[in-house]
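Please work through the exercises below with the sequence and the model in view. Each task is followed by a worked solution.

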Amino acid sequence: MVNEQAGPGIGEGPAKAISVSLPEGTVRALRDSAGGRGVSAIVAAAVEEHLRNQAAHEYLAEYEQEHGAFTGEEKREAADVWARAEEREGQWREAG
């Protein structure tokens, strides 16, 4: 059920500054990797991906609890759809 009174969803709304502690080596590698995108953009993207994956996992667990486990065939079909989507995304990134 969607709460229309709730604030922005994952990846939405104005940026808010927070403090995050990371190991020194991780910070160094992150800054080297960030380039023009900036550390905040990389951290935001990683956290958003984590939260979306977690929400998907929770949804699938709830679905299976209500409807039973997915069959092997359903899992294979989903894996095929996912692989095709990742292939298309790769093509879009290459196209710029």
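The exercises concern a predicted model and proceed from the fold to a surface patch.

**Exercise 1.** Determine how many helices and strands the protein chain contains, and in what pattern they follow one another.

Solution. The count of secondary-structure elements gives three helices and zero strands. Reading along the sequence then yields the pattern α-α-α.

**Exercise 2.** Assess the overall dimensions of the protein chain against those of a compact globule of 96 residues.

Solution. Begin with the reference: such a globule would have a radius of gyration near 12 Å. The protein chain has 18 Å instead. Next, consider the extent along the principal axes, where the C-alpha atoms fill a box of roughly 45 × 40 × 25 Å. Finally, turn to burial: 3% of the 96 residues count as buried.

**Exercise 3.** Describe the exposed surface and the charges of the protein chain.

Solution. The chain exposes about 8,800 Å². Carbon and sulfur atoms supply 53% of this area. As for charge, there are 10 positive and 18 negative side chains, and the centres of these two sets lie 7 Å apart.

**Exercise 4.** Which residues form a nonpolar patch on the surface, and why does Ile-10 count as partly exposed?

Solution. The patch consists of Ile-10, Val-47 and Leu-51. Together these residues have about 210 Å² of accessible area. Ile-10 is located in the segment before α1 (24-34). Its relative accessible area is 36%. Partly exposed denotes values between the 20% and 50% limits, and Ile-10 is therefore partly exposed.

Definitions and conventions:
Residues numbered from 1 in each chain as written. Predicted model: local features only at pLDDT ≥ 70, side-chain atom pairs only at ≥ 80, totals over all residues. Heavy atoms only, no water. Helix = DSSP H or I, 4+ residues; strand = E, 2+ residues; numbered from the N terminus. Rg over C-alpha atoms; globule rule 2.2 N^0.38 Å. Buried < 20%, exposed > 50% of the residue type's maximum accessible area, 1.4 Å probe, protein only. Areas by Shrake-Rupley, 256 points an atom, 1.4 Å probe, with all protein chains shown as cover. Lys, Arg positive; Asp, Glu negative; His and termini not counted. Charge placed at Lys NZ, Arg CZ, Asp CG, Glu CD. Patch = residues over 30% accessible without salt bridge, like charges linked within 9 Å, V, L, I, M, F, W, Y side chains within 5 Å. Salt bridge = Lys/Arg side-chain N within 4 Å of Asp/Glu carboxyl O.
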